[in-house]
Every structure is written in C-alpha cells, then in structure tokens.
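Q: Please take a close look at one part of this structure. Then show me how other parts of the chain meet.

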Amino acid sequence: MTNEQFIKNLNVPEGKIDMILDTDAYNEIDDQFAIAYMLRSDDKLNVKAICAAPFFNALSTSPEDGMEKSYNEILKILKFAGHEELCEKTYRGSRGYLVDEKTPQISDAANKIAEIASGYTAEKPLYVVAIGAITNVASALLIDPSIKEKIVVVWLGGNALSWTHNREFNLFQDVASARIIFGCGVPFVQLPCMGVVSEFRISRPELEYWLVDKNPLADYLARNTIKAAESYAAGKPWTRVIWDVTAIAWLLNDKNRFMNSVIEHSPIPEYDHHFARRSDRHFFRYVNEIKRDALMEDLIKKLLK
C-alpha cells in the first residue's frame, strides 16, 4: 500500500461500505445500541458478518462464557430489530485471549474475518469495527498477515493519550492483541474511552421520553439501560455512557458531524497499562472529541425508524 493510500484509508469512508462488527454484546448495555445503530444505518453500512468477542467479568464465568453469552445476545438483538437474516452471518469468537503476540486464537470468527477480508483491496477495503477485546481481529491478522492492506480497523479501546493510565476494559483483557493492532501497520482508528468517548452519555429522562414504548427494539434498549443503571444508582440522578455507538458513528462521520480526530504516530500499549510514545512509528487516526448532541440526535432518530 502506498503512503497516500494508507492515509486515505484513515479518513472517513465515502459511499456505501462493507463492514464486520466484532462485539462482546453481553458485557454491557452499549453494544446493543451499537448493533441497532449499525442495522438502522443500512443506507451506508453493508454488514458482512458479526462476531462474538470474549470477555470476563461479573457477568461471565470465563472469557469463553462471555463470548457464548455475547453470541446469544447478538442473535437476540437481530431478532428484535427484524434482521434474522444476519443470524446465519453471526460467528462465535475466541474462547480465550492471546497467549503471546505470535499465536492466534483459532475460532470461527477469526477465520471468517480473514476469509472475508481476503476478497478486498487497499483501494476498496473492508471495515472491521471492534467494540470489545480485540482478540478475534488480532487473530485474523496473525492467521493471514496480508489482510492488513485490505482492511481498516476501527476500535473502541484504550484510554485517551493524556489519561493517567491505560487500564481500560477492552484493552487490558488482551494487551497482546492490542499491541498487534497498534503495531502491525494496519490502517487503524482508535476511539479512546476515558477522556474522549466517556462524554457520550444518556440519562433516564431521555430514555423514557424518546425510546420507552416506541417500538420493540427501542423499548428493549431503554429498559435494559434503566435496569442496569438502577442496580447501582437507584434513587439518584444518573447518566450512562453508551460507548460503543461511537465506533459505528465513525463510519458515518462525513463532514465531522459526530466527532473530530487527528492523525498521530501510533503509540505502544505496554503491559504495565500505559502508552509508550515514539515519533518513528507509523500513523493512526485518533478520535479526540465526540459531538454528543449531534450523535445522540442521529442515534435516536434511527432507533425510532
């Protein structure tokens, strides 16, 4: 790939594009919003596959269990949204995280990402959007390194470069995978969590006014979010970050409607949960501002379609 083409692939894509979504959909309530937003943006986004990512926290008993629960949650959202045809394009992902930076976790998802990506070119790339631990995508790149010139990776992971640490859920689960993504030279867009995407919040009054009882999908998203927030903030005012929507929004960000970004030298995610910086590294796209109200307006409008 020429330098000119590499930089072009770091820009917001023009026209209708093909994409894959990689998601730990059962981990929080925001993945469901992102899936719905993607499905309601079909004038721009052609979904080739959806992959279940591993996660391990209080909602799962292991990374594999998190992946299985995410797989089932994806199917649930597809049915709510009336897109059952995509169920057969939904794939189980990694059962664990990378053990090192050279050995892939073989899974249906990693194999499918590599297989689909092989049919694209630098001039017409496949967009791979990841909103969980990036194990499946890193594994696909290890399975077939040549796809790095045929894809653009958009990842919600890590914190802002100015943040005091990089111990962010999507990244610290699998630092080896993050190091592959930041280091292999694939065209890469990062949406940092704390310090940038943490601004994209929705409140209970907004959920109740705009989404409750409007349609089955909107109602499920709203009530699921309210239930989750009430588990820790009952009787208090609260807002909830719906992080993952922003990764989909990058693909729709013509004329910088929803966010601003800059091109930087790619940092190095270290195993001590900090970024190292070097000026001789290749470039990547770094989102540094979310335009909350503009994006929220578009999200709600599409959920009410």
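A: A residue is buried under 20% relative accessible area, exposed over 50%, and partly exposed in between (1.4 Å probe, protein chains only). This is a predicted model: local features need pLDDT of at least 70, side-chain atom pairs count only at pLDDT 80 or more, and totals for chains, interfaces and linings use all residues. Residues are numbered from 1 along each chain as its sequence is written, and side-chain values use heavy atoms, with hydrogens and water left out.

Start with strand β5, residues 151-156 (helices, H or I with at least four residues, and strands, E with at least two, are DSSP runs numbered from the N terminus). Of its 6 residues, 6 are buried. One side carries I151, V153 and W155. The other side carries V152, V154 and L156. Both faces are covered.

Which strand runs parallel to β5? Strand β4, residues 126-130, does, and 5 bridges join the two (strands pair if DSSP finds at least two bridges between them). One example is V128, whose bridge partner in β5 is V153.

Now move to helix α3. It spans residues 63-80, 18 residues in total. From first C-alpha to last, α3 reaches 26 Å, close to the 26 Å expected at 1.5 Å a residue (1.5 Å times one less than its number of residues). Many names fill its buried list, among them P63, M67, Y71, I74 and L78. An α-helix has 3.6 residues a turn, so residues three or four places apart point the same way. Several elements help to cover the buried residues of α3, including β1 (17-23), α2 (30-39) and α9 (216-233). Strands β2 (45-52) and β3 (90-91) are also among the cover. After α3 comes G82, with a positive phi near 75°.

α3 also holds E68, and the side chain of E68 meets that of R92 in a salt bridge, 2.9 Å from N to O (a side-chain nitrogen of Lys or Arg within 4 Å of a carboxyl oxygen of Asp or Glu). R92 sits in the loop between β3 and α4 (108-117), so the pair links distant parts of the chain, 24 residues apart. Both ends are partly exposed: R92 at 30% and E68 at 23%.

By this rule the count comes to 18 salt bridges. Another joins E28 and R240, at 3.0 Å from N to O. E28 lies in the loop between β1 and α2, and R240 in strand β8 (residues 239-241), so this pair ties together parts 212 residues apart in sequence. E28 is partly exposed at 26%, whereas R240 is buried at 12%. D293 and R292 form a salt bridge too, with their closest N and O atoms 3.0 Å apart. Here D293 is exposed at 54%, but R292 is partly exposed at 21%. Salt bridges with shared partners also join E101, R179 and E270 into one network.

Finish with two residues and their contacts (heavy atoms within 4.5 Å). K302 is in helix α11 and is buried, at 11% relative accessible area. Leaving out residues up to four places away in sequence, K302 touches Y37, R40, S41 and L252. E264 lies in strand β9, residues 259-265. It counts as partly exposed, at 26%. Beyond its neighbours within four places, E264 contacts R277, H282, F283, F284 and Y286. F33 is 231 residues away from E264 along the chain, and their C-alpha atoms are separated by 29 Å.
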